[in-house]
Amino acid sequence: MKAENPTLLTWLLLVLMVLLWGISWPAMKMALNVIPPLWLGVIRFLSGSLCLFLFLACKKGLTLPAKQDLPILLSVGGLQMLAFTALGLVAMQYTDVSRAALLAYTTPLWGVVISGVFFRQVPSWAQLCALLTGLVGIALVCSPSEIDWHTSGVLKGCLLLLLAAGCWSVVIFHVRHHHWVQSPLALAPWQMLFATVPMFILALIFEGEPKAIVFTPSIFSLLVFIGPVATSICFVISTSCGRKVSSFVMSNFTLGVPVVGNIASLFILGTTMSISFKAGLLLVVLGSLLAIYAGTRIQGHRLPE
């Protein structure tokens, strides 16, 4: 399936994705107070996949994945869903939501490396400015004045989050360059199901049976938002819109997720932000906006698709 050009609807859907994914970070932090990280990932993707299977069945659009789409099914399901989510949830035990979200969304840094090494793509000056602006903002938020790097587990958590960002960067490029046979919506429930099975096995091995989980109305409402709402909708938007914008723009656009996550944390978790943290967030926002502008005006030089 040939890559498509972005429309106004594409940008609006990406904004919706950023809002939902951003709010899901403090929601997951709250759920982690009751549910172990890997079991939370299992519930998230199992509920998301079941909702999409039911939706497609009602529309009579439920089909088995095409053989040609198996690589993207394994890529999205294994790296973006399984690896990114598992690494992010485990890492949040060692760091706060604000920094966890920002480090997990350092995808532009990895994207530039991947594009240069594997795709020989040369970013434009506008794209480089967007990248540098966003990364300077992240550097401010993660500076020694903001984080005590001597605290036990902090370095481990940050490394896990950077690894998660690298996994997603690979998927962003794969989504852009894959020749699609079926739609992202048709593949999404299968990708989530693929992520659920190994995560279930890992949860049993490392966390044991979830006997101590108490499903109160508040926890249930959090799980409904994290799974059927944020997961189902956002992953479909991510893969469908990822075919219509450049990999660089997609990477930078997702920098808006930690911004929304931090703002949501102020109201939901009662967190506070220092002047340095606010300055970093502002730079991340500016970098994201510049990346969007660069993506609509200057796509840079890249290989034919």
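This is a short tutorial dialogue on reading features of a predicted model.

User: Where should I start: how many helices and strands are there in the protein?

Analyst: Happy to begin there. The protein in this predicted model has twelve helices and zero strands. Along the sequence, the pattern reads α-α-α-α-α-α-α-α-α-α-α-α. Of its 305 residues, 52% count as buried.

User: How do I read a single helix, say H3? What does H3 reach from its first C-alpha to its last?

Analyst: The idea is to set the span against the value expected at 1.5 Å a residue. With 22 residues, H3 reaches 29 Å, close to the expected 32 Å. Then look at burial: 17 of the 22 residues of H3 are buried, and the helix is mostly covered.

User: Which residue other than glycine has a positive phi, and where is it found?

Analyst: Take Lys60, with phi near 55°. Lys60 sits in the loop between helix H2 (37–58) and helix H3 (70–91).

User: Is Lys60 buried or exposed?

Analyst: Exposed counts as over 50% relative accessible area. Lys60 has 79%, so this residue is exposed.

User: Now for empty space. How many cavities of 30 Å³ or more are there?

Analyst: First the general idea: rolling a probe the size of a water molecule over the atoms shows where empty space is left. In this structure the count comes to three cavities of 30 Å³ or more. Let's look at the second largest cavity, with a volume of about 120 Å³. Its lining has 14 residues, and the closest to the centre are Trp25, Met28, Arg44, Phe84 and Thr85.

User: Which helix gives the largest share of that lining, and what classes of residue does the lining have?

Analyst: H3 gives the largest share of the lining of the second largest cavity, with five residues. Helix H1 (8–31) and H3 each supply at least two residues of this lining. By class, the lining has nine nonpolar, four polar and one charged residues.

User: How many aromatic pairs does the structure hold, and how do I read one?

Analyst: There are six aromatic pairs. To read one, take the distance between ring centres and the angle between planes; an angle over 60 degrees counts as edge-to-face. For Trp21 and Phe235, the centres are 5.2 Å apart and the planes are at 85°, so this pair is edge-to-face. The pair links distant parts of the chain, with Trp21 in helix H1 and Phe235 in helix H9 (residues 217–241), 214 residues apart. Trp21 and Phe235 are both buried.

User: What about the pair of Phe84 and Trp168?

Analyst: Phe84 and Trp168 are also an edge-to-face pair, at 5.0 Å centre to centre with 70° between the planes. Phe84 lies in helix H3 and Trp168 in helix H7 (residues 154–177), so the pair ties together parts 84 residues apart in sequence. Both residues are buried, and Phe84 is one of the residues closest to the centre of the second largest cavity.

User: Which residues form one aromatic cluster?

Analyst: Trp21, Phe45, Phe84, Trp168 and Phe235 do. Both of the pairs we discussed sit within that cluster.

User: Last one: how many salt bridges does the structure hold, and which residues form a salt bridge?

Analyst: The structure holds one. A nitrogen and a carboxyl oxygen need to lie within 4 Å, and for Lys211 and Glu209 the closest N and O atoms are 3.8 Å apart. Both Lys211 and Glu209 are exposed.

Terms used:
Residues are numbered from 1 along each chain as its sequence is written. This is a predicted model: local features need pLDDT of at least 70, side-chain atom pairs count only at pLDDT 80 or more; totals for chains, interfaces and linings use all residues. Side-chain values use heavy atoms; hydrogens and water are left out. Helices (H or I, at least four residues) and strands (E, at least two) are DSSP runs, numbered from the N terminus. Buried means under 20% relative accessible area, exposed over 50%, partly exposed in between (1.4 Å probe, protein chains only). The expected span of a helix is 1.5 Å times one less than its number of residues. On a 1 Å grid over the protein atoms alone, a cavity is a set of points where a 1.4 Å probe fits but cannot get out, and a pocket is an open set with protein on both sides within 12 Å along at least five of seven lines; lining residues have an atom within 4 Å of a point. Grid points are joined across faces, edges and corners, and a volume is the space filled by probe spheres set on the points. Ala, Val, Leu, Ile, Met, Phe, Trp, Tyr, Cys and Pro count as nonpolar, Asp, Glu, Lys and Arg as charged, and the others, Gly among them, as polar. Rings of Phe, Tyr and Trp (its six-membered ring) pair if their centres lie within 6.5 Å; planes under 30 degrees apart count as stacked, over 60 as edge-to-face and the rest as tilted. A salt bridge is a side-chain nitrogen of Lys or Arg within 4 Å of a carboxyl oxygen of Asp or Glu.
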